[in-house]
Amino acid sequence: MCTFGPMAKLPDFFDEMYGRGTEPRAPYEAYAKWFGGENNARLLEKSAEAEALFRLIGVTFNVYGDPDASERLIPFDLVPRIIAAQEWAKVARGIEQRVRALNAFLHDIYHRQEIVRAGRLPAEMLALNDAFLPEMIGMSPPGGIYTHIVGTDLVRTDDNEFYVLEDNARTPSGVSYMLENRETMLHMFPELFSKIRVQPVSQYPRSLRRSLSGCVPDACSGRPTLAVLTPGIHNSAYYEHAFLADQMSAELVEGHDLRVVDGRVAMRTTQGYHPIDVLYRRVDDDFLDPLTFNPDSMLGVPGIMDVYRAGGITIANAPGTGIADDKAIYSYMPDIVEFYTGEKAILNNVPTHRCSEPDALKYVLDNLAELVVKEVHGSGGYGMLVGPAASKKEISDFRKKLESNPDNYIAQPTLALSTVPILTEAGLAPRHVDLRPFVLVSPQGIEVTPGGLTRVALSEGSLVVNSSQGGGTKDTWVLEE
Amino acid sequence: MLGKTAGGLFWMFRYLERAENTARMIDAGLRISLTRSSAAESEWTSILSSTGLRAAYHATHGTIDGPQIINFLLRDPANPGSILAGIETARENARLVRTALTREVWEAVNECYMVLKTTLAHPIDDRDLPRVLQIIRQRSAYVRGASHGTMVRNDMYNFARIGTFFERADNTARILDQKYYILLPSVRFVGSPSDNVQWETILRATSSTRAYQTLHEGENDPRAIARFLLLDRRLPRSLAFCYGKISENLGYLEHEYGTRHICHELVSNICEKFKADDMNAIFEYGLHEFIGDFLRDSASLGRQIEIDYRFSE
């Protein structure tokens, strides 16, 4: 039995399972058939089972400023999001093109700045941007790679319409959820995977290791030593840091395990200090080196930037990549893609109003109730206004913030985000989703893991999918050809 | 491996072992207070001393009171040395060294924590106490079993084992330190009812009642009990057994790393004292002095291991 009543309430959105009608779309046919033979009560039991499993494994994230919920589970919905092979092929090509452009852009802005000379990007976009690190000027990272790991946030609005919301080029998180979600689904519904051929994702940790090992510094001799730098067990993504270190057989280190010894960054082992070749850091630029950046940082390694510049270590992602996922730079992405690849961007950019420009600001202020307004440097869904969902008071409060500091904001139209059904007590119900595919970049090439992390807004009508704001996740299936 | 990871494993297993031992001591105390209420007060006092928590208890609580002490040892938020706090710290260390643990070990310690956090969320009623103590022993045994069955026998495993045996020997020694006088060759009539109960407490607190009875054909003899807990290598809680293991584990590290440290000298000095296997000599030297020396030597060894293997900066 399939109850899909709520569909009637949301006719304006494209549902990835049912499109705009009542019959399942092609990629969902086999799943819908299986689902039709299932009993809702059994699935709800399975759902509780999945939650207990996540709790036991410890797949949790920490919420800042909430001691009672210091280790929270991200709700997991067991209805997969399914993407056909040919749909995915186009998305993957688009992501690859974009990531290629991002790396070329980063190399350019830290060297000759051709894009500025060509008049395609205003010089002040770099000069006045905190994410632009003067320390990186003239520096070429090992292997020529700036963004080893990228998480490109996408949303879908129709059959063939995908938009890039953000290029997370600093330290994108969530890949452990992608992997654990798949493991959980394999554990709970083995029969589904024998009926439906899904492209695997489990190779990700090995690919990550290979990808990072492809960018060793000059000082490396022999088999490279890899380490994951975490801010520590109280960080919101600690589980993921430990998971990735474990899965790719790297050491999980904190700043106080490291020091500079003989021109190398070395970790304190039971047998003395041992040099690290590639450091996958999950610590922001600002905290990386108290001698170069924030002097109060306890999370980094004093002197690591000098070692880096001298070819003693690879830092992934490279310092200063944040400039590429800056929300103000984002609005120039179609130009950036074209400038460096000579091709039109395959994936759409969301039209973006830069509030630093007087005309744009006026338009945004006049249309606040229709727009999504974001902080240029914000993340995690904090400090943003979703116009259509906001109260009058929230809008007028936000207007004051915006007027007092317009440079800090960009605004975008509210997109008609696609929905995917979730399992509820009353059967299936559509909820808005986004998608974060994970991309690995090495001198050998760009690898896009099929699928990625689907985040889902669990309350009806909500567009906010961030886990820090009560969003959940789903397993994402890209079907075999 | 990282020095921090070695330290995390060492302490994770120490805290687990300690929680389990505290549960045994509560069990022994409970038995005494049920069977001989007149001896209860001094028994609880000695249990508090054995766990090293006597001062902490008196700082927050006035009188010696069985149920209050049980609550203090199990779960009192005012007691940083409670079983619940110990399990929390063990799990915190497990999270820190997550990459060094197998999935089975992590899940066993995580589940131990989840079960006890729920079980010990409220004061435990007398009727439930035996069941709760059993849960604690059982959960701790699961972690040990998972480690035994799934961990690769490398340096990580050896640091985990050193933590276990170090804590266990320390606990046995502390119990003896409190009770040494009843094990001295007595001028009184051996086997008075009072002594019998005291001996039984020692054996219960070290979970060795059955083992002792089997190996000694039911004969309660203080000398034999002392010998059993100090020197008998068949008993997994005796000092000689634990130090035999620690010596093997440190020996593994010496061989594997190719470096002999000061801690290797210290452990071989301690083992030397058990080598003669001579209880008479120990009584001659003084049982209390012998145990006192051991506790000091063991504390030095613990500090030296941390330095030699760079647990911290």
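The following exercises, with worked solutions, concern a predicted model of a complex that includes chains A and B.

Residues are numbered from 1 along each chain as its sequence is written, and chains are lettered from A and ligands numbered from 1 in the order in which they are written. Because the model is predicted, local features need pLDDT of at least 70 and side-chain atom pairs count only at pLDDT 80 or more, while totals for chains, interfaces and linings use all residues.

**Exercise 1. Confidence**

Task: State the confidence values of the complex and locate the extremes of confidence in chain B.

Solution. Step one: the predictor assigns the complex an ipTM of 0.90 and a pTM of 0.91. Step two: pLDDT is the predictor's confidence in each residue, from 0 to 100; its mean over chain B is 92, with 96% of the residues of that chain at 70 or more. Step three: within chain B, helix α9 (residues 193-205) has the lowest confidence, a mean of 79, and helix α12 (residues 239-257) the highest, at 98. Helices (H or I, at least four residues) and strands (E, at least two) are DSSP runs, numbered from the N terminus.

**Exercise 2. The contact between chains A and B**

Task: Describe the side of chain A that touches chain B by its elements and residue classes.

Solution. Step one: count the residues in contact, a term that requires C-beta atoms, placed from the backbone, to lie within 7 Å. By this criterion 17 residues of chain A are in contact with 18 residues of chain B. Step two: on the chain A side, at least two residues each come from α2 (40-57), α9 (238-247), β7 (251-253) and β9 (264-269). Step three: sort that side by class, where Ala, Val, Leu, Ile, Met, Phe, Trp, Tyr, Cys and Pro count as nonpolar, Asp, Glu, Lys and Arg as charged, and the others, Gly among them, as polar. The result is eight nonpolar, five polar and four charged residues.

**Exercise 3. Domains and core of chain B**

Task: Determine how the two domains of chain B meet and why the largest nonpolar core lies between them.

Solution. Step one: chain B is divided into domain 1 (1-151) and domain 2 (164-313), with bounds from an automatic or database domain assignment. Their centres, taken over C-alpha atoms, are separated by 21 Å. Step two: 21 residues of domain 1 are in contact with 20 residues of domain 2. On the domain 1 side, α1 and α2 (40-50) of chain B are the elements giving two or more residues, and α1(B) gives the most, with 15. This side comprises six nonpolar, six polar and nine charged residues.

Step three: a nonpolar core is a set of buried Ala, Val, Leu, Ile, Met, Phe, Trp, Tyr and Cys residues joined through C-beta atoms within 7 Å. A residue is buried if 20 or more other C-beta atoms lie within 10 Å of its own, exposed if 12 or fewer, and partly exposed in between, with C-beta atoms placed from the backbone. The largest core has 214 residues, and Val265(A), Leu279(A) and Leu9(B) have the most contacts inside it. Helix α1 (residues 3-35) of chain B is its greatest contributor, with 15 residues. Both domains of chain B give residues to this core, so it lies between them. Step four: leaving aside neighbours within four places in sequence, Leu9(B) is in contact with Val97(B), Ala100(B), Met156(B), Phe159(B), Ala160(B) and Gly163(B).

**Exercise 4. Strand β20 of chain A**

Task: Establish whether β20(A) is enclosed or exposed, and identify its pairing partners.

Solution. Step one: five of the five residues of β20(A) (residues 438-442) are buried, so the strand is largely enclosed by the rest of the structure. Phe438(A), Leu440(A) and Ser442(A) lie on one side, and Val439(A) and Val441(A) on the other. Step two: strands pair if DSSP finds at least two bridges between them. Three bridges link β20(A) to β4(A) (residues 149-158) in the antiparallel sense, and Ile149(A) stands opposite Leu440(A). Step three: β21(A) (residues 445-448) is antiparallel to β20(A), with four bridges; here Leu440(A) has Glu447(A) as its bridge partner. A hairpin through two residues joins β20(A) to β21(A).

**Exercise 5. Backbone geometry**

Task: Locate the cis peptide bond from Ala316(A) to Asn317(A) and the positive phi of Ser207(B) and of Arg310(B).

Solution. Step one: most residues other than glycine have a negative phi, and most peptide bonds are trans. Step two: the cis bond from Ala316(A) to Asn317(A) has omega near -15°, and Asn317(A) is in the loop between β12 (314-316) and α12 (327-330) of chain A. Step three: Ser207(B), with phi of about 50°, is in the loop between α9 and α10 (209-215) of chain B. Arg310(B), with phi of about 55°, is in the segment after α15 (287-308) of chain B.
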